[in-house]
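User: I would like to go through this structure by question and answer, with the reasoning kept short.

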Amino acid sequence: AVVPADVAAQMEGEGRAGLAENAACCVGRLALLNADFVANDLPRFITGWCDGLAKIRDPIERRDSFRGFLRAVYANPQSISKQVVGNVLFAIISWHLPIDLPDDATNVFATDFEFQPFPSSDASELGVALIKLVHDLKASVGDEEWHRIQGKLPVNVRKLLRDVYRT
């Protein structure tokens, strides 16, 4: 395996603050340099990568990590199975949460929380690429599965997907 097992394990790990985010940043930046370097191993750690991506607070690290994520996913589109679409969506939705959101703010998805617009500095290139990814995910799983996935999402998340990502 090209990506060491310990890097993948760090993205899946619980309890050590910052490790998942740092691993997600590292792998994202590796993928920016060479997407094929991580693409083949992507199915092994995509869930952890999405979790780490969702937790990154620094806007530059977040941008770089997502750009690398997109490159790796498109280098190996088969790595996104129906089982991980929700994880990918959660990572994408994290762009619309405030950077200073407390870690214990789990009720944000169960309330009428108003998501923030996509950051204007990243809206052009990255925002368009994420919208394309959401549409590609929807097409890859089909309408029936997409409706099942959306049915499991909170109402405010479905509204965000509909209004911003036009799904």
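The turns below go from the whole chain to single helices and then to salt bridges.

User: How many helices and strands does the protein have, and in what order do the elements run?

Analyst: This is a predicted model. The protein has 8 helices and 0 strands. From the N terminus on, the order is therefore α-α-α-α-α-α-α-α.

User: What share of the residues counts as buried?

Analyst: The protein exposes about 8700 Å², and carbon and sulfur atoms supply 54% of that area. Residues 24 or more positions apart make up 69% of the contacts with a separation of 6 or more. Buried here means under 20% relative accessible area. Of the 167 residues, the buried share is 46%.

User: What span does H5 reach from its first C-alpha to its last?

Analyst: Helix H5 covers residues 59-75, which is 17 residues. At 1.5 Å a residue, the expected span is 24 Å. The model comes close to this, reaching 24 Å.

User: Which residue caps the N-terminal end of H5?

Analyst: The contact runs from a side-chain oxygen to the backbone nitrogen of isoleucine 60. The distance between these two atoms is 3.1 Å. The capping residue is aspartate 58.

User: Is arginine 62 buried or exposed?

Analyst: Arginine 62 is found in helix H5. Leaving aside neighbours within four places in sequence, arginine 62 is in contact with Leu53, Ala54, Ile56, Ser94 and Trp95. The relative accessible area of arginine 62 is 3%, and the cut-off for burial is under 20%. Arginine 62 is therefore buried.

User: Which residue forms a salt bridge with aspartate 64?

Analyst: Aspartate 64 is among the buried residues of H5, as are Phe66 and Leu70. Its relative accessible area is 11%, whereas the partner is partly exposed at 28%. The closest N and O atoms of the pair are 2.9 Å apart. The partner is arginine 63.

User: Why are lysine 132 and aspartate 136 separated by about one helical turn?

Analyst: Their side chains meet in a salt bridge with an N to O distance of 2.7 Å. Lysine 132 is partly exposed at 45% relative accessibility, and aspartate 136 is partly exposed at 29%. An α-helix has 3.6 residues a turn, so residues three or four places apart point the same way. Both residues lie in helix H7 (residues 120-151), and the spacing is about one turn because they are 4 residues apart.

User: How far apart are the closest N and O atoms of glutamate 145 and arginine 148?

Analyst: Glutamate 145 and arginine 148 are 3 residues apart in helix H7, about one helical turn. Glutamate 145 is buried, with a relative accessible area of 14%, while arginine 148 is partly exposed at 38%. The two form a salt bridge, and the closest N and O atoms are apart by 2.4 Å.

User: Which residues do salt bridges with shared partners join into one network?

Analyst: The whole structure holds 9 salt bridges. One of them pairs aspartate 64 with arginine 63. Bridges that share partners give one network of Arg29, Arg63, Asp64, Arg67 and Glu125.

User: Within what arc do the buried residues of H8 fall?

Analyst: Helix H8 spans residues 155-164, and its buried residues are Asn156, Val157, Leu160 and Leu161. Seen down the helix axis, they line one face, because they fall within an arc of 140 degrees.

User: What phi does arginine 166 take?

Analyst: Arginine 166 comes just after H8. Its phi is positive, at about 50 degrees.

Conventions. Residues numbered from 1 in each chain as written. Predicted model: local features only at pLDDT ≥ 70, side-chain atom pairs only at ≥ 80, totals over all residues. Heavy atoms only, no water. Buried < 20%, exposed > 50% of the residue type's maximum accessible area, 1.4 Å probe, protein only. Contact = heavy atoms within 4.5 Å. Arc of directions from axis to C-beta. Expected span 1.5 Å × (residues − 1). Polar contact = N/O pair within 3.5 Å; in protein donor to acceptor, adjacent residues only side chain to side chain. Areas by Shrake-Rupley, 256 points an atom, 1.4 Å probe, with all protein chains shown as cover. Salt bridge = Lys/Arg side-chain N within 4 Å of Asp/Glu carboxyl O.
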